[in-house]
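Thanks for making the time this morning. I would like to walk through the bound molecules and the empty spaces of one structure, so please have the sequence and the model open while I talk.

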Amino acid sequence: MKVLKFGGSSVANAENIEKVVAVVKRAAADDACVVVLSAMQGTTDDLIEMGRAAERGDDGFIAKLAELRDQHTAAIEALFQDGRGTETSEFVDSALHELESITEGVRRVRELTPKTLDRILSFGEIAASKLIAAKVADDGVENEWHDSRLLIRTDSNHGFAAVDFSETNKRIKDEIGNSESRLHFVPGFIAADSGGYTTTLGRGGSDYTAAIFAAALDADLLEIWTDVSGMMTADPRFVRNVRQIPRINYREAMELSHFGAKVIYPPTIQPVMVKGIPVRIKNTFAPEDEGTLIEAESAANGEMVRGITSIDRICVLSLEGSGMVGIPGFSKRLFDALSRAEINVILITQSSSEHSICVAIEEKHGELAKRVVDREFEYEINAGKIDPLKVENGFSILALVGDRMKEHTGVSGKMFSTLGHNGINIHAIAQGSSERNISAVINSKDVRKAVNTLHEEFFSDGRKQVNLFIVGAGTVGGRLLEQLRQQHDYLLENLKLIVRVVGLANSKRLVFSEEGIDLNEWKMQLTADDGVNVPPEQTANVIIERNLRNSVFVDVTADADVVEMYAPLLEKSVSVIACNKVAASSDYERYAALKGLAREYNSNFLFETNVGAGLPVINTLNDLMRSGDRVNRIEAVLSGTLNFVFNNYDGSRPFAEVVRRAQAEGYTEPDPRLDLSGTDVARKILILAREAGNQLEMEDIENVPFLPASCFEGTVEDFYAEMGRREDHFRKLLSDAAAKGLSLKYIASLAEGIASVGLQSIGPDHNFANLSGKDNAVLFYTNRYADQPLVVKGAGAGADVTAAGVFADIIRAARS
Ligand code: ADP
Ligand code: ASP
Ligand code: MG
């Protein structure tokens with residue numbers, strides 16, 4: 001004997017019902033079967049809505065009734081040919097008639113009792129089971145239909161009735177166990193009390209009906225047919241790469257379903273577990289899939305965690321006060337009060353100081369809980385010994401489930417550090433002593449991210465998805481996107497990183513795609529008129545609202561406004577990668593605050609490309625410092641532009657023209673005056689000085705400009721024109737140096753905490769003498785590198801190398 005149960009989606013319409021019928025016929029060919037049916041999808045919700053509308057006196061229930069009639073009639077018409085569905089039609093019609101009279105009665109008296117509601121709800125399961133039984137018979141497979149209300153006896157707790165098993169088991173055995181027929185149909189969800197009044201077993205209760213039948217009949221197997229191919233490692237609506245769980249034991253399945261895995265109704269397991277009847281979850285829409293086998297002892301599958309689930313709409317109650325310490329009985333009174341009000345407690349934590357007890361319940365019971373608990377402790381509250389009950393809504397419970405977690409240390413550590421890394425605040429924690437379940441109460445807005453992050457941590461073979469938001473799609477941004485596109489497969493293969501650009505903004509718009517923007521056509525997307533696009537200044541809000549795991553913000557602009565977004569993002573544990581130098585070189589206080597936020601919120605604030613483009617200058621300096629070295633002096637050529645200019649200016653062409661070429665080659669800042677005034681170099685040495693531990697401001701950097709002041713008046717074009725007019729000045733700089741056998745270099749230095757920048761004449765033996773083209777070089781003189789400096793040297797400007805440096809920072813953030 002086998003019991004099969006089909007859920008609402010399996011019987012949603014004629015097309016799906018055909019699939020159910022095929023499964024049933026195949027099963028019935030092999031074995032005696034009991035088939036339990038849910039109502040057609042949406043019916044139970046519609047019936048509840050109908051009842052409530054009638055109670056309000058709202059005529060809307062008539063329209064709902066018509067919808068139900070249409071849904072059922074359409075299925076009958078499609079399933080039965082040549083008028084063979086007449087009998088079923090008539091049955092459904094008369095049931096709808098009765099439903100209409102009851103609902104009309106509710107409207108008149110404006111009262112919907114739980115008892116009446118159960119009666120209304122019974123329509124769904126009765127109609128669906130009758131319809132399908134008739135269809136199977138019409139296909140030539142004989143069967144019997146039984147009314148569950150005559151078989152399952154419950155108490156009179158309408159809406160959530162408790163089963164009287166001795167009476168129920170007896171009736172089921174008598175009726176079905178002794179029947180000649182090999183195929184039986186019954187409606188799920190409904191039962192009756194001793195007075196014969198219809199009761200229901202709780203939402204999702206058809207699974208339970210099936211388990212009751214399986215246990216009563218000592219079935220060999222219970223099959224729950226639904227719309228997914230078994231129990232998954234997480235809710236497939238939340239997590240894309242869920243894995244199917246091939247086998248799981250009863251206790252784990254119960255724990256998972258209790259904590260929100262809706263695929264099986266929690267009470268279902270109990271009756272079959274007692275009898276040791278295995279349960280298989282199967283997919284009506286992919287019947288050949290193995291599904292999940294729930295059994296007494298399931299083979300270990302090498303995974304510590306079996307699944308991750310969550311329940312929403314949780315309310316947290318906190319009872320606090322010094323009057324509780326050491327006095328027995330407080331928790332008993334709290335739980336008694338809740339239990340008398342029939343409030344189910346889902347999770348409990350108590351601090352060891354006993355200063356507070358924290359309890360999680362369903363949100364809908366929050367107000368009642370407040371009333372009954374405050375009444376219970378009225379005396380203590382008035383005496384100031386404890387505070388009135390604190391009630392907070394908007395929470396969810398997140399749970400890791402698995403029997404094998406107890407054999408492994410560090411599971412909870414990993415869970416909480418992963419959540420922390422993603423800026424998810426944990427309100428309360430509970431771990432059962434069985435160690436089968438670790439639960440955390442978190443804000444509901446973080447649930448999606450939390451489940452995804454944990455799923456990635458525990459089930460993705462080390463794969464990690466990184467979600468990038470890039471602001472700035474100019475030259476460097478463009479190269480970066482190209483490099484990301486090229487390296488996508490390499491990163492996945494070698495570093496197990498799935499790097500997605502989910503947001504991309506230029507100065508006009510922001511495009512967003514949670515799936516990842518197609519990097520072959522990002523340009524088109526940024527200019528297209530459709531798609532999600534938001535003003536760029538909204539970028540930070542969008543990132544925070546989307547709340548994606550492992551988010552990294554990349555600033556490839558030179559825009560001071562964009563820097564305003566860093567702090568709010570870092571506070572949400574979003575890493576910030578800045579190619580933009582403004583943040584690290586503006587007020588020391590801001591620089592230090594951003595670094596502090598990154599530390600505090602476990603995020604990264606990285607800006608390697610601020611100095612020497614892609615050269616590993618800041619990282620080298622950081623490594624020296626971290627390993628305990630002391631930086632005594634830094635000498636550096638930090639301007640690709642100025643190096644290019646002085647390497648190429650030999651008097652054969654005017655100085656202004658050489659500068660123009662540097663700009664055309666893309667070495668200069670968008671405004672070349674920033675380079676020529678030494679400001680850009682000053683910013684860089686300032687950043688290095690700060691990273692070396694000096695608390696300096698821009699004004700502290702000594703900078704003697706080599707350009708006449710008149711060059712800085714007016715626009716960029718005026719700047720070029722004035723340089724042209726002052727060619728003599730530049731000639732003289734050149735010839736003065738040449739006369740002494742020296743050459744010109746623009747050098748930044750830091751020594752004894754003093755930083756300076758300026759044009760110097762250097763001899764042929766100088767470390768920088770052979771620096772060609774746009775190269776940069778940084779010499780670190782430290783305790784360990786005292787005589788010969790540690791040298792970092794190479795191209796210090798250019799879009800490709802800069803993009804590569806940003807890329808490296810992204811990878812650093814992604815892997816941290
Ligand atoms: P039915 O109508 O067949 O009773 P339900 O909607 O009650 O189906 O349950 C199936 C649904 O449970 C799936 O569609 C899925 O969205 C949800 N679900 C939640 N958690 C899980 C999980 N861990 N594994 C599988 N399904 C899950
Ligand atoms: N139809 C009922 C509900 O929607 C019972 C079930 O589907 O299991 O809750
Ligand atoms: Mg269900």
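Let me begin at ligand 2, where an oxygen atom of the ligand sits 2.6 Å from an N or O atom in the side chain of Arg 203. Please keep in mind throughout that this is a predicted model, and that the distances I quote are computed from it. Two backbone contacts accompany the one from Arg 203: a backbone N or O atom of Ser 206 is 3.0 Å from an oxygen atom of ligand 2, and for a backbone N or O atom of Gly 205 the corresponding distance is 3.4 Å. On its own ligand 2 has 260 Å² of accessible area, and the protein covers 86% of that.

Which residues surround ligand 2? They are Ser 38, Thr 44, Glu 125, Phe 189, Arg 203, Gly 204, Gly 205 and Ser 206, and, sorted by class, this shell has 5 polar, 2 charged and 1 nonpolar residues.

Turning to ligand 1, we find 17 residues around it, and the closest of them are Thr 226, Asp 227, Met 232, Arg 237 and Lys 262. Arg 237 also appears among the polar contacts, since an N or O atom in its side chain lies 3.0 Å from an oxygen atom of ligand 1. A polar side-chain atom of Asp 235 is 3.5 Å from an oxygen atom of this ligand, while Val 263 takes part through its backbone, with an N or O atom 3.4 Å from an oxygen atom of ligand 1. The protein covers 88% of the 570 Å² of accessible area that ligand 1 has on its own. The shell here divides into 7 nonpolar, 5 polar and 5 charged residues.

Now for the empty spaces, which are found in the following way. Rolling a probe the size of a water molecule over the atoms shows where empty space is left. Over the whole structure, the search gives 2 cavities of 30 Å³ or more.

The largest cavity has a volume of about 110 Å³, and of the 15 residues that line it, His 421, Asn 550, Ser 551, Ser 575 and Ala 813 are the closest to its centre. If you want to find it by secondary structure, the elements that contribute two or more residues to this lining are strand E17 (464-471), strand E21 (551-555) and helix H29 (799-815). What is the make-up of the lining of the largest cavity by class? It comes to 10 polar, 4 nonpolar and 1 charged.

The second largest cavity has a volume of about 30 Å³, and its lining consists of Leu 484, His 488, Leu 491, Val 499, Val 501 and Leu 519. At least two of these residues come from each of helix H15 (475-495) and strand E18 (497-505), with H15 giving the largest share, 3 residues. By class, 5 of the lining residues are nonpolar and 1 is polar, with no charged residues.

Helix H15 comes up again in the second largest pocket, where it supplies at least two lining residues, as do helix H23 (640-648), helix H25 (673-676), helix H26 (679-691) and H29. This pocket holds about 700 Å³ of space, and 33 residues line it, those closest to its centre being Val 476, Cys 579, Thr 668, Glu 669 and Pro 670. The lining of the second largest pocket divides into 15 polar, 12 nonpolar and 6 charged residues.

I will finish with the aromatic rings, of which the structure holds 18 pairs. Why is the pair of Phe 655 and Phe 730 described as stacked? The ring centres of Phe 655 and Phe 730 are 3.9 Å apart and the planes are at 10°, and planes under 30 degrees apart count as stacked, so this pair falls in that class. The two partners come from distant parts of the chain, 75 residues apart, with Phe 655 in helix H24 (residues 655-664) and Phe 730 in helix H28 (residues 727-739).

Key
Residues are numbered from 1 along each chain as its sequence is written. Chains are lettered from A and ligands numbered from 1 in the order in which they are written. This is a predicted model: local features need pLDDT of at least 70, side-chain atom pairs count only at pLDDT 80 or more; totals for chains, interfaces and linings use all residues. Side-chain values use heavy atoms; hydrogens and water are left out. A residue is near a molecule or strand if one of its heavy atoms lies within 4 Å of it. A polar contact is a pair of N or O atoms within 3.5 Å; within protein, one must be able to donate a hydrogen and the other to accept it, and residues adjacent in sequence count only if both atoms are side-chain atoms. Accessible areas come from the Shrake-Rupley method with a 1.4 Å probe; for residues, only the protein chains shown count as cover. Ala, Val, Leu, Ile, Met, Phe, Trp, Tyr, Cys and Pro count as nonpolar, Asp, Glu, Lys and Arg as charged, and the others, Gly among them, as polar. On a 1 Å grid over the protein atoms alone, a cavity is a set of points where a 1.4 Å probe fits but cannot get out, and a pocket is an open set with protein on both sides within 12 Å along at least five of seven lines; lining residues have an atom within 4 Å of a point. Grid points are joined across faces, edges and corners, and a volume is the space filled by probe spheres set on the points. Helices (H or I, at least four residues) and strands (E, at least two) are DSSP runs, numbered from the N terminus. Rings of Phe, Tyr and Trp (its six-membered ring) pair if their centres lie within 6.5 Å; planes under 30 degrees apart count as stacked, over 60 as edge-to-face and the rest as tilted.
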